[in-house]
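Colleague: Before I rely on the words used for this structure, I would like to hear how each of them is earned. Could you take me through the reasoning, one term at a time?

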Amino acid sequence: YIVPDVFVTKTTDGYQIVLNDDGMPRLRISSLYRKLIRQKDVFQKEEKQFLMEKLRYAIGLLKSLEQRDRTIYRVTESILALQKEFFDRGVEHINPLTLKDVASILGMHESTISRVTSNKYLSCPHGVFSFRYFFSNALNSGSGKISSTSVKNTIRKIVVEENSEKPLSDQRIVEILKSQGITVARRTIAKYRDELKILSQTQRRRIS
């Protein structure tokens, strides 16, 4: 069961981004420790230094969590802007996008974007998606560049709609995509099939 980290909902004014903090503990620094540190002549120097060190660590942890939430929010904002066609029209309209693109917009390192989006999920009107779903390479098509994710969705749809007694070969899928203006090599079809966990033509054949 996947619990989304972010909810993107459509409103009359556009889209709203809400971070999911349900079930997350509310962290705060106990006022008791602050009072103890302010008291004089209660602790020895070493003891007070120990308390101060732990307080600084706690404050740093809270700031790191706040920074993490801000980064996730900003990354979601960027995905929402760059993948607006996806959010407006559905999975067939996802655009090519790389971690580097988002990192450049946000002025962050690519590794930071990679770390923030790892094992994170986004819920929107079209379903629940891994953040990594929105990042894909560009392939050539008759109308320009197309996302490899969009091509995978098309391949999945083609296979779902095929005659199970006469499943399509990878070469035939290449030809169908080409008729739609999408140029993909046969070995790429095989690679995408494996990633989509779609069996080969022979293994998909059903005998009535």
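**Reasons behind the words**

Modeller: Let me start with S78, which is buried, with a relative accessible area of 7%. Please keep in mind throughout that this is a predicted model.

Colleague: Why is S78 called buried?

Modeller: Buried means under 20% relative accessible area, and S78 has 7%, so the word applies. This residue sits in helix α2, which covers residues 45-82, and, apart from its neighbours within four places in sequence, S78 is in contact with V102, I105 and L106.

Colleague: What makes L97 buried or exposed?

Modeller: With the limit for buried set at under 20%, the 3% relative accessibility of L97 places it among buried residues. L97 belongs to the loop between α3 and α4 (99-106), and, when neighbours within four places in sequence are left aside, its contacts are L82, Q83, V102, F134, F135 and S136. R28, by contrast, is 69 residues away from L97 in sequence and 38 Å away in space, taken from C-alpha to C-alpha.

Colleague: How do you know whether T117 is buried or exposed?

Modeller: The relative accessible area of T117 is 0%, and therefore T117 counts as buried, given that the word requires a value under 20%. T117 lies in helix α5 and touches V75, L99, F131, R132 and F135, where residues up to four places away in sequence are not counted. For R132, the C-alpha atom is 6.6 Å from that of T117, with their positions 15 residues apart in sequence.

Colleague: Why is D88 called partly exposed?

Modeller: Partly exposed is the term between under 20% and over 50%, and D88, at 34% relative accessibility, therefore receives it. D88 has its place in helix α3, residues 84-89. Residues up to four places away in sequence aside, D88 touches K10, Y15 and H126; K10 is 78 residues from D88 along the chain, and their C-alpha atoms are separated by 9.1 Å.

Colleague: What makes N137 exposed?

Modeller: Exposed requires over 50%, and because N137 has 55% relative accessibility it counts as exposed. N137 is placed in the loop between β4 (127-130) and β5 (138-141). An exposed residue can still have partners, as N137 is in contact with P96, I146, S147 and S148 once its neighbours within four places in sequence are left aside. The C-alpha atoms of N137 and I94, 43 residues apart along the chain, are 11 Å from each other.

Colleague: What is noted about the phi of N119, and how exposed is N119?

Modeller: N119 has a positive phi of about 60° although it is not a glycine. It lies in the loop between α5 (110-117) and β3 (121-124), and its relative accessible area of 67% is the reason why N119 is called exposed, the limit being over 50%. K197 also has a positive phi of about 60° and is not a glycine. K197 is found in the loop between α8 and α9 (201-204), and its 74% relative accessibility means that K197 counts as exposed.

Colleague: How do you know how helix α6 and helix α7 are placed relative to each other?

Modeller: Two packed helices are described by the angle between their axes and the distance between the axes. The axes of α6 (residues 148-160) and α7 (residues 170-179) come within 11 Å and cross at roughly 120°, and the crossing is right-handed. The contact is made by V151, T154, I155, I158 and V159 of α6 together with I173, I176 and L177 of α7. Of these contact residues, seven are nonpolar, one is polar and none is charged.

Colleague: What makes up the lining of the second largest pocket?

Modeller: This pocket, with a volume of about 160 Å³, is lined by R132, Y133, F135, T149, K152, N153, R156, E195 and L196. Both α6 and α8 (186-196) supply at least two lining residues each, and the largest share, four residues, comes from α6. By class, the lining divides into three nonpolar, two polar and four charged residues.

Methods. Residues numbered from 1 in each chain as written. Predicted model: local features only at pLDDT ≥ 70, side-chain atom pairs only at ≥ 80, totals over all residues. Heavy atoms only, no water. Axes fitted to C-alpha atoms, helices over the stretch in contact; angles between N-to-C directions. Left-handed = near helix turned anticlockwise from the far one by under 90°. Contact = heavy atoms within 4.5 Å. Nonpolar A, V, L, I, M, F, W, Y, C, P; charged D, E, K, R; others polar. 1 Å grid on protein atoms, 1.4 Å probe; cavity = no way out; pocket = protein on both sides within 12 Å on 5 of 7 lines; lining within 4 Å. Points joined across faces, edges and corners; volume = space filled by probe spheres on them. Buried < 20%, exposed > 50% of the residue type's maximum accessible area, 1.4 Å probe, protein only.
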